[in-house]
Number of protein chains: 2
Amino acid sequence: MSTREHLVTATMELLWERGYEATSPRAILERSGAGQGSLYHHFKSKADLVATALNEVSNEMQGIVDATLHSNKPPLERVRDYLTQPREALRGCRLGRMIQEPAITQDALLRDPISSYFTYSKRELTAALAQAQQDGTLSPSINVADLATTLIAVVQGGYVMARALQDAEAMEQAIRGALALLEASERR
Amino acid sequence: MSTREHLVTATMELLWERGYEATSPRAILERSGAGQGSLYHHFKSKADLVATALNEVSNEMQGIVDATLHSNKPPLERVRDYLTQPREALRGCRLGRMIQEPAITQDALLRDPISSYFTYSKRELTAALAQAQQDGTLSPSINVADLATTLIAVVQGGYVMARALQDAEAMEQAIRGALALLEASERR
């Protein structure tokens with residue numbers, strides 16, 4: 001890896017562990033093993049480096065959503081695959097967690113990778129749910145854009161509850177409840 | 001209000017605006033109008049003051065859940081009231097937001113008011129859903145503890161999405177989708 005890549009990787013790790021404000025340029029340098037001055041050689045500012053790192057995380061996570069929601073399975077199977085993919089519940093979402101910090105919310109450069117991920121996930125889930133309505137497996141009375149938002153929210157809220165209760169099982173429960181509701185809305 | 005109460009109120013406000021680590025003792029003193037030294041006269045530490053503030057928020061929020069879920073309405077009406085109560089979506093949950101910070105998650109004193117709120121909400125929602133199953137309005141095939149967790153997660157995730165997209169409508173969509181799923185599981 002290049003020094004630039006080492007800096008980005010270290011930043012991705014530290015953001016997930018500590019959040020944005022608590023991640024100092026010094027900690028990034030130490031974690032990356034990069035020399036003094038290299039951060040401001042490769043990036044305009046800490047915010048510029050963090051935006052780069054968040055964009056990388058966002059692209060990676062959009063790739064996972066993409067692979068999950070565009071398989072050859074029937075549409076509701078794909079939605080279930082989205083809900084049940086493995087997650088490190090106690091660590092929180094690498095993007096959703098960040099949005100709690102005002103310094104992220106208030107800076108479009110930092111917020112964009114996070115909002116892009118949610119916009120993309122919502123659009124692709126909405127499309128899969130609309131397909132399920134078209135092929136007659138999902139009740140036509142449900143607004144699919146609302147439901148897509150609900151399902152993403154269940155995952156994000158599952159992280160919050162798992163961290164609050166310090167129990168990864170809270171995520172499992174939230175997902176199981178969503179799967180049960182989804183099943184009740186299915187038409188066979 | 002006493003100086004102690006001014007300190008607690010200022011801390012509650014600042015936590016909601018900035019989070020824990022970004023709230024300095026100096027900012028608390030300035031916001032509260034309390035004199036130098038008064039913080040450490042009334043509290044052992046910043047963490048002690050923050051724990052007091054979070055406990056106050058937790059009690060207040062448990063009171064709202066209590067009033068909502070113990071009305072005289074039929075059980076599923078009460079659950080819908082829980083979902084549709086007014087929320088400042090863009091500001092985030094006063095408790096759920098805090099749990100993203102490692103300094104909160106790792107300190108039992110600071111985490112307790114947050115986990116208590118979720119434990120209480122989950123227990124009371126589970127009880128209301130179990131009542132709905134007993135009176136025959138909710139499908140008996142659904143695990144009510146799972147569903148209670150799902151519904152709390154929808155609210156928490158609604159906050160995350162509203163902040164990420166900078167659009168309070170995301171919370172409304174998440175809630176509407178949950179209401180639609182719930183309706184599909186109802187028996188009339």
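**Exercise 1.** Which residue caps the N-terminal end of α7(A)?

*Solution.* Helices here are DSSP runs (H or I, at least four residues), numbered from the N terminus. Look at A:D107: one of its side-chain oxygens lies 3.0 Å from the backbone nitrogen of A:L109, and A:D107 thereby caps α7(A).

A word on the setting: this is a predicted model, where local features need pLDDT of at least 70 and side-chain atom pairs count only at pLDDT 80 or more, while totals for chains, interfaces and linings use all residues. Residues are numbered from 1 along each chain as its sequence is written, chains are lettered from A and ligands numbered from 1 in the order in which they are written, and side-chain values use heavy atoms, leaving out hydrogens and water.

**Exercise 2.** Compare the span of α7(A) with the expected one, then find its kink.

*Solution.* Start with the expected span, 1.5 Å times one less than the number of residues. For the 27 residues of α7(A) that gives 39 Å, and the end C-alpha atoms, 37 Å apart, agree with it. Next, find A:I114, the centre of a kink of about 25°; the bend is the angle between axes fitted to the seven residues ending there and the seven starting there. Finally, step past the helix to A:G136, which has a positive phi near 80°.

**Exercise 3.** Which side chains meet in a salt bridge between chains A and B?

*Solution.* Search for a side-chain nitrogen of Lys or Arg within 4 Å of a carboxyl oxygen of Asp or Glu. The rule finds 2 salt bridges across this interface. One of them joins B:R176 to A:D146 (2.9 Å, N to O).

How values were computed
Helix = DSSP H or I, 4+ residues; strand = E, 2+ residues; numbered from the N terminus. Bend = angle between axes of the 7 residues up to and from the residue. Polar contact = N/O pair within 3.5 Å; in protein donor to acceptor, adjacent residues only side chain to side chain.
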